[in-house]
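Biologist: I'm new to this one and would like a close look at a single part. Could you walk me through it once it's on the screen?

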Amino acid sequence: MSAGSALPSSGWACLPSAPSTSRGLGQMTAVVTCILALKDRFGSRIGEERNVTFLTRSDSEGSRKYMVAKLQRVLTSPIMSEPSTPSLGADLYSPSGVLQMKQGGFADLPGCKISDLMKSSSLDNAPTQSLLGVVNSIVDESIDRKNGQIPYRIACLLRKVIVEIERRMSSQAGHIRNQNNLIKAREEKYQSRIRVLEALAGGQSGQTHMEKDKLKDKGQLPEEDMAMSMKCQEEVARLMKEKEDMVTLLKEKEDMVRLLKEKEDMVRLLKEKDDIVDLKKGKVEETQQIVDEEKYRLLKEKDDTIVTLKKEKQEMVRSLKEKEDMVSLLMAKEDMVDLKKVMVEERQRIIDEGNDRLLKEKDDTIFRFTKEKEEMVRLLKEKEDIIRLMKENDDVVRSIQKEDMVNSENGSIKDKKQTTDDGNDRLISEKNTIVVRLTEEKEEMIRLLKEKEDTIRLMKEKEDNKADLKKGTVRNIKQSTDEDTDTSTKEKSDIIRLMKENEDYNNTIMKLKLDLEALKSLHEENCELLESKKEDIIKLLADKEDNASMILQLKQDSLTKENEDILRLMKEKEDGNSIIAKVKLEMEALRSSYEEACKLLESKEGDVVRLLADKEDNASVILQLRQELEATKRLHETHSQQLETRASQVKEELEHRIKEVELMLEDSIKRKRELEEVSKSRIQFWEQKGIVVNQFVGLQVQNVQDLRLCSVSVRHEILNCQKRWLEELAGLGENLKAVTNAAEKYHAALEENRKLFNEIQELKGNIRVYCRIRPFQPGEDEGSNSVEYIGDNGELVLTNPTKQKEGGKNFTFNKVFGPTTTQDMVFKDIQPLIRSVLDGYNVCIFAYGQTGSGKTYTMMGPEKATEKEWGVNYRALNDLFNISHARRDMITYELTVQMIEIYNEQIRDLLGGGGAQKKIGIQNTMQPNGIAVPDATICPVNSTSQVIDLMQTGHGNRAMSATALNERSSRSHR
Ligand SMILES: Nc1ncnc2c1ncn2[C@@H]1O[C@H](COP(=O)(O)OP(=O)(O)OP(=O)(O)O)[C@@H](O)[C@H]1O
């Protein structure tokens with residue numbers, strides 16, 4: 001083999017290990033017997049024609065005619081022929097063929113016709129009865145004609161027909177088994193549905209049992225009477241229809257149940273939705289409440305904070321002001337202290353001066369009072385003298401009266417009168433002097449009183465000054481005390497005390513004033529009294545003058561009055577003395593209190609000094625406090641600013657949140673309303689639907705009851721059917737057994753046929769050469785066509801287009817495939833040869849030709865080939881696997897694949913993995929296992945796809961590349 005030729009591309013080796021079968025061509029007697037038995041079995045269906053067949057067996061001509069007629073009948077019979085499949089007669093036995101058979105029977109049919117029949121798919125499509133009829137005819141013919149000897153081509157046909165029948169029988173058996181299984185499954189299904197229906201119907205078991213019994217009784221009828229089978233069939237059909245109706249009803253019911261479930265789910269969902277809505281609402285309310293509370297709390301906090309801050313601010317401002325005031329007060333206090341010092345000094349001076357003056361005045365007053373006292377004593381003495389004189393006057397008056405009484409009697413009244421007049425004159429003069437003296441005294445008293453008033457005024461002025469001073473001091477102290485309450489409480493108490501003292505002083509002064517006023521009024525009264533007395537005295541004197549007669553009496557009266565007045569005046573004088581003593585005492589008390597006040601002032605000075613020291617300390621503290629205050633103020637300002645910004649932020653945030661929550665709330669309320677509306681409409685819809693469903697359920701319950709009854713009857717019918725099917729199956733089993741026996745016998749016949757077939761192949765030639773001419777490719781010159789003639793019998797005439805004068809060269813092949821030949825056509829020609837592999841024959845197909853001539857195309861197909869474009873390899877594998885699968889019940893084929901490449905005169909294992917290539921050699925084919933290249937990897941395969949995968953692997957391991965003529969060259973070269 002040259003390097004250029006590629007055996008694997010052109011040839012792959014399928015080396016099956018087929019079962020060893022007898023290959024000798026034996027007698028056909030056994031086959032004939034078997035086929036006769038088959039004929040008997042299947043012929044029963046054809047009726048009494050069987051008898052006719054055997055009756056006319058001796059007459060060969062008649063038999064043939066009979067066979068042809070029977071075949072015609074068989075093939076054209078509407079009962080036997082399968083309506084779905086095309087008639088065999090239409091394809092296999094054309095009218096001319098049938099006519100030919102009429103003349104000579106099957107044996108007379110030409111070989112090409114028989115091979116056409118065998119090749120074509122007519123046998124596959126023909127009804128089984130027709131095939132049996134054919135077998136029957138052939139067997140009859142063979143028996144009639146040649147004592148069991150069948151011509152080879154008829155035997156081939158017979159074998160093919162029998163294979164087909166066998167296939168159909170097996171498929172029929174499988175079909176029956178499937179049907180049986182299907183029936184069983186259906187029965188189980190129906191039983192389960194019946195159980196469901198029974199459960200649904202509930203409480204109807206008694207009725208069911210009754211119905212069951214009834215149906216049982218009914219069901220026994222078909223067993224009793226076979227003639228009623230047709231009726232039963234009709235009944236079965238009706239029941240099946242009812243069953244179908246029941247199934248549809250059940251489906252409807254299931255739909256209704258599903259709808260009800262959906263409704264329940266919907267209701268549940270709606271409830272859940274409502275719950276969710278309520279929950280959401282609650283949550284929203286809760287959130288709203290929380291938000292409100294939070295808002296309220298924050299606002300409150302904010303307000304509290306603001307209030308606290310304001311308070312703090314006010315407190316700070318107040319404390320600041322206080323501190324400022326305190327500072328100013330302290331400063332004022334300092335000034336006041338200085339002023340106070342000055343004032344104290346001034347006051348001390350004034351007090352000293354006042355004291356001196358007062359002492360002087362006091363001494364003067366005492367002296368004056370002493371003088372007055374003396375004067376008063378003198379006046380009293382004078383008064384006593386007056387009283388004495390008045391007494392003397394009275395005595396005189398009495399004596400006068402006595403004298404008058406005597407003179408009246410003695411006439412010396414005149415003298416007495418003169419004496420009385422003198423006494424009166426003296427008394428008047430004395431009286432006048434007294435009056436003058438009293439007036440003088442009165443003037444003196446007025447003057448004294450005036451002096452006293454001046455003194456009192458001066459004292460008052462002094463006291464006023466003192467009070468003013470005290471007031472100023474007190475005011476200042478009070479101010480300082482008020483302003484610095486915390487630091488000078490003591491001072492305040494002192495000031496209060498001083499103020500009290502001042503008030504006491506004022507009260508005392510007022511009292512003194514009042515006393516003075518009282519004295520003054522008393523004095524004025526006295527004066528008035530004196531004036532009135534004086535007037536009275538003048539009046540008296542006038543009266544005395546006017547009424548001389550009444551003088552004595554008047555004198556007496558006036559003297560009495562004067563005495564009384566004198567007494568009263570003396571008494572008043574005593575009162576005045578006592579008042580003066582009292583005033584003295586008061587003055588002394590005043591003096592002592594003044595001294596006490598001075599002492600107090602001295603102690604106050606000490607306090608003032610202490611206060612000054614305190615003030616200095618306070619000033620430093622105030623400075624420190626001021627600094628602290630400023631720092632605190634700044635801190636407070638920053639803190640307050642921070643708080644304000646935070647409060648504003650919190651406020652904004654809260655407002656934003658409130659808005660969001662409000663929006664959410666609105667949204668949720670809106671959604672809730674929508675949901676409520678939707679749920680309402682849905683509830684209404686579902687209520688309506690529920691009513692409909694309830695009605696429907698009622699109807700369905702009724703239907704279910706009916707159905708239950710029907711189902712019971714159907715079950716019964718099904719059981720009957722099952723029984724019948726079992727019987728039929730049993731019959732079929734028997735038939736199958738017979739067929740199996742026949743098949744076993746047939747295998748022997750088949751073996752013989754195979755031998756015959758292979759002999760035919762051998763006769764045809766073990767080595768066949770086909771020629772395939774590929775069409776022109778795009779870009780190729782169609783003018784350079786060298787094919788001149790393609791004959792039907794494999795003739796091929798080629799000419800050289802450049803040397804047309806030379807004429808064509810003739811070639812002969814087994815067959816020549818033209819450019820229009822399809823892949824399928826090529827395969828169909830090779831298919832029988834490939835199938836003989838399954839009979840244990842070795843088959844080798846290889847393609848040969850120059851590069852680009854179409855070897856790969858023929859064997860593999862084009863790249864990414866469709867099923868239609870599959871090459872011989874794929875088709876052969878498909879066919880082999882199909883047959884092996886079809887025969888798997890009878891025989892097991894083991895298919896293995898080897899793939900090798902001859903490259904550079906070396907054999908390479910293409911399925912040997914990626915490792916180093918081991919040396920493999922071609923062995924003699926007479927090896928026990930018949931493998932030519934035993935060292936190459938053997939891969940078992942079960943399907944075409946596995947082979948394709950292996951071939952792809954092998955192709956991947958090949959040493960090939962594009963040639964100048966073929967860019968997809970499969971040649972082993974690099
Ligand atoms: N019968 C056919 N119909 C259509 N196209 C074809 C046919 N035969 C071959 N071809 C095309 O011709 C080209 C060459 O064919 P292919 O690769 O099969 O040649 P080859 O003989 O295998 O070449 P090589 O020996 O180099 O591998 C391909 O493009 C193929 O598709």
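In which helix is the place of Thr856?

Modeller: Keep in mind that this is a predicted model. Thr856 sits in helix H17, and so does Lys855, in a helix that covers residues 855–859. As for their surroundings, Thr856 counts as buried because 21 other C-beta atoms lie within 10 Å, and the cut-off for that is 20 or more. Lys855 is buried too, with 25 other C-beta atoms within 10 Å. Both residues also turn up in a record: the UniProt annotation "binding site", from an unreviewed entry, takes in Lys855 and Thr856. That annotation also covers Gly849, Gln850, Thr851, Gly852, Ser853 and Gly854.

Now for what else you'll find along the chain. Helix H18 runs over residues 872–886, which makes 15 residues. From its first C-alpha to its last, H18 reaches 21 Å, close to the 21 Å expected at 1.5 Å a residue. Its buried residues are Val872, Asn873, Tyr874, Arg875, Ala876, Leu877 and Leu880.

Before the annotated stretch there's a pair of strands to look at. Strand S3 (residues 787–790) and strand S4 (residues 795–798) run antiparallel, joined by three bridges. Pick out Ile790 and you'll find that its bridge partner in S4 is Leu796. The two strands make a hairpin, with four residues between S3 and S4. In that turn, have a look at Gly794, which has a positive phi of about 95 degrees.

Conventions
Residues numbered from 1 in each chain as written. Predicted model: local features only at pLDDT ≥ 70, side-chain atom pairs only at ≥ 80, totals over all residues. Expected span 1.5 Å × (residues − 1). Buried ≥ 20, exposed ≤ 12 C-beta atoms within 10 Å, placed from the backbone. Pairing = 2+ DSSP bridges. UniProt positions renumbered as here; feature names shortened; annotations may be inferred.
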